[in-house]
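Take a walk through this structure, one contact at a time. Keep the sequence beside the 3D view as you read.

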Amino acid sequence: MIIPDVEFCGYCITHPSESKINFRIQTRGGLPAVEPFRKGLNDLMGVCQHVLNTFERSMKEYRAQREEEMQ
C-alpha cells in the first residue's frame with residue numbers, strides 16, 4: 001500500500017537472538033510520523049500473524065501426513 005506522504009517505511013531485526021526490531025518511518029512535508037508509524041506497526045503485526053498461521057497450518061498438515069504414512 002502506498003501512502004503519498006510517507007517517503008520511506010521499513011524495519012530490520014537487529015539479531016536473531018535479540019527480541020528487538022528497528023522500525024523507521026520518513027514522511028514528507030512535515031507530516032507527523034505518529035499515525036503512519038502506528039499503521040506500519042499494525043501492518044507488520046498482520047504480516048507476522050499471517051506467517052505464523054501459515055506455518056502452523058503447514059505443520060499440522062505435515063504431521064497428519066506423517067501419521068497416515070505410519071499406519
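Start at the surface. Y11, I13 and I21 make up a nonpolar patch there, with about 310 Å² of accessible area together. Pick out I13 from this trio. I13 sits in strand β1. Its relative accessible area is 54%. I13 counts as exposed because the cut-off for that class is over 50%. Bear in mind throughout that this is a predicted model.

Next, look for charged partners. How many salt bridges does the count come to? The count is four salt bridges. Three of them are worth a visit, beginning with the pair R28 and E7.

R28 and E7 form a salt bridge whose closest N and O atoms are 3.8 Å apart. This contact falls inside the limit, because a salt bridge needs the nitrogen within 4 Å of the carboxyl oxygen. Now find the two ends. E7 belongs to strand β1, which covers residues 6-13. R28 lies in the loop between β2 (21-27) and α1 (34-70). The two residues are 21 residues apart in sequence, so their salt bridge ties together separate parts of the chain. Are these residues buried or exposed? R28 is partly exposed, at 40% relative accessibility. E7 is partly exposed too, with a relative accessible area of 45%.

Move on to helix α1. Here D43 and K39 form a salt bridge, and their closest N and O atoms are 3.0 Å apart. This pair stays within one element: D43 and K39 are four residues apart in helix α1. That spacing means about one helical turn separates them. D43 is partly exposed, at 39% relative accessibility. K39 is also partly exposed, with a relative accessible area of 28%.

Follow the helix further along. The side chains of E69 and R66 meet in a salt bridge, at 3.5 Å from N to O. E69 and R66 are three residues apart in helix α1, and about one helical turn lies between them. R66 counts as partly exposed, with 39% relative accessibility.

Stay on helix α1 for A64. A64 is partly exposed, at 43% relative accessibility. Compare its place with that of L41. A64 and L41 are 23 residues apart in sequence, and their C-alpha atoms are 35 Å apart in space.

Now turn to the rings. The structure holds one aromatic pair. Which residues form it, and how do their planes meet? The partners are F23 and F37, and they meet edge-to-face. Their ring centres are 5.2 Å apart, with 80 degrees between the planes. The pair is classed as edge-to-face because planes over 60 degrees apart fall in that class. F23 lies in strand β2, while F37 lies in helix α1. The two are 14 residues apart in sequence, so the pair ties together parts of the chain in a strand and a helix. F37 is partly exposed, with a relative accessible area of 35%.

Finish with the record. For residues 4-53, an unreviewed UniProt entry lists "domain: DNA-directed RNA polymerase RBP11-like dimerisation". What does the chain look like over residues 4-53? Over this stretch, 40% is helix and 30% is strand. The end C-alpha atoms of the stretch are 31 Å apart.

Definitions and conventions:
Residues numbered from 1 in each chain as written. Predicted model: local features only at pLDDT ≥ 70, side-chain atom pairs only at ≥ 80, totals over all residues. Heavy atoms only, no water. Buried < 20%, exposed > 50% of the residue type's maximum accessible area, 1.4 Å probe, protein only. Phe/Tyr/Trp six-rings, centres within 6.5 Å; stacked < 30°, edge-to-face > 60°. UniProt positions renumbered as here; feature names shortened; annotations may be inferred. Patch = residues over 30% accessible without salt bridge, like charges linked within 9 Å, V, L, I, M, F, W, Y side chains within 5 Å. Areas by Shrake-Rupley, 256 points an atom, 1.4 Å probe, with all protein chains shown as cover.
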